[in-house]
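Please work through the exercises below with the sequence and the 3D structure open beside you. Try each task on your own before you read its solution.

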Amino acid sequence: MKTRREFLRTAALGAVILPIGPRALAGVEVPAEELPRLRPESPQAVDVGYVQDARRADVARGYRSGQACANCNLVAGNPKAEWRSCAMFPGHAVAATGWCGHYEPGSGPR
Ligand code: SF4
């Protein structure tokens, strides 16, 4: 019988792997537009203060004016896309206008 902790760990792993799908597991890059959008109310998003609109980001978490996923060093994909992939949230797309506490200054708006 699984302990509650083991069950939660397995469920969390499934929540990460399922949205990625078999192509990503095979090492094929999945375009961000095919990824499920990161929900701000999901536990992993809440943990880091992710918001879809950076203007609503929490200054207490480190947000500074002008910061957004679009100019974060951890975002990838089409620079003009509204939803992009992020190294912090594999298997999900983040809003280009979004922000989270893992923001790393990039080389400017992309
Ligand atoms: S790490 Fe960067 S790109 Fe990813 S959600 Fe946070 S601010 Fe956006």
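The exercises that follow concern a predicted model, and each task is followed by a solution in steps.

**Exercise 1. The elements of the chain**

Task: State how many helices and strands the chain has, and give their order from the N terminus.

Solution: Begin with the count, which gives 2 helices and 3 strands in the chain. Then follow the chain from the N terminus on, where the elements run α-α-β-β-β.

**Exercise 2. The sheet**

Task: Work out how the strands pair, and find which of them stand at the edges of the sheet.

Solution: Take β1 (residues 75-76) and β2 (residues 83-86), which run antiparallel and are joined by 2 bridges; here Val75 has Cys86 in β2 as its bridge partner. These two strands form a hairpin with 6 residues between them, and in its turn Gly77 has a positive phi of about 105 degrees.

Next, turn to β2 and β3 (residues 93-95), which pair in the antiparallel sense over 3 bridges, with Trp83 standing opposite Ala95 in β3. β2 and β3 also form a hairpin, again with 6 residues between the strands, and Gly91 in the turn has a positive phi of about 90 degrees.

Putting the pairs together gives an open sheet of 3 strands in the order β1-β2-β3, with antiparallel pairing. β1 and β3 each have a single partner strand and stand at the edges, so one side of each is left without a neighbour in the sheet.

**Exercise 3. The nonpolar core**

Task: Name the residues that touch the most other members of the largest nonpolar core, and find which strand supplies the largest share of this core.

Solution: The largest nonpolar core has 24 residues, and those that touch the most other members are Cys69, Val94 and Trp99. Looking at where the members come from, β2 and β3 each supply at least two residues of this core, while the largest share, 3 residues, comes from β3. Val94 can then be examined by itself: leaving aside its neighbours within four places in sequence, Val94 is in contact with several residues, including Leu38, Cys69, Val75 and Trp83.

**Exercise 4. Around the ligand**

Task: Describe the residues that surround the ligand, by number and by class.

Solution: The ligand is surrounded by 13 residues, of which Cys69, Cys72, Val75, Cys86 and Cys100 are the closest. Sorted by class, this shell has 11 nonpolar and 2 polar residues, and no charged residues.

**Exercise 5. Tyr103**

Task: Decide whether Tyr103 is buried or exposed, and describe its surroundings.

Solution: Locate Tyr103 in the segment after β3. A residue is buried if 20 or more other C-beta atoms lie within 10 Å of its own, and Tyr103 counts as buried because it has 26 C-beta neighbours inside 10 Å. Leaving aside its neighbours within four places in sequence, Tyr103 is in contact with Gln67 and Cys72. Finally, compare sequence with space: Tyr103 and Cys69 are 34 residues apart in sequence, and their C-alpha atoms are 7.4 Å apart in space.

Notes. Residues are numbered from 1 along each chain as its sequence is written. This is a predicted model: local features need pLDDT of at least 70, side-chain atom pairs count only at pLDDT 80 or more; totals for chains, interfaces and linings use all residues. Two strands pair if DSSP finds at least two bridges between them. Helices (H or I, at least four residues) and strands (E, at least two) are DSSP runs, numbered from the N terminus. A nonpolar core is a set of buried Ala, Val, Leu, Ile, Met, Phe, Trp, Tyr and Cys residues joined through C-beta atoms within 7 Å. A residue is buried if 20 or more other C-beta atoms lie within 10 Å of its own, exposed if 12 or fewer, and partly exposed in between; C-beta atoms are placed from the backbone. Two residues are in contact if their C-beta atoms, placed from the backbone, lie within 7 Å. A residue is near a molecule or strand if its C-beta atom, placed from the backbone, lies within 6 Å of it. Ala, Val, Leu, Ile, Met, Phe, Trp, Tyr, Cys and Pro count as nonpolar, Asp, Glu, Lys and Arg as charged, and the others, Gly among them, as polar.
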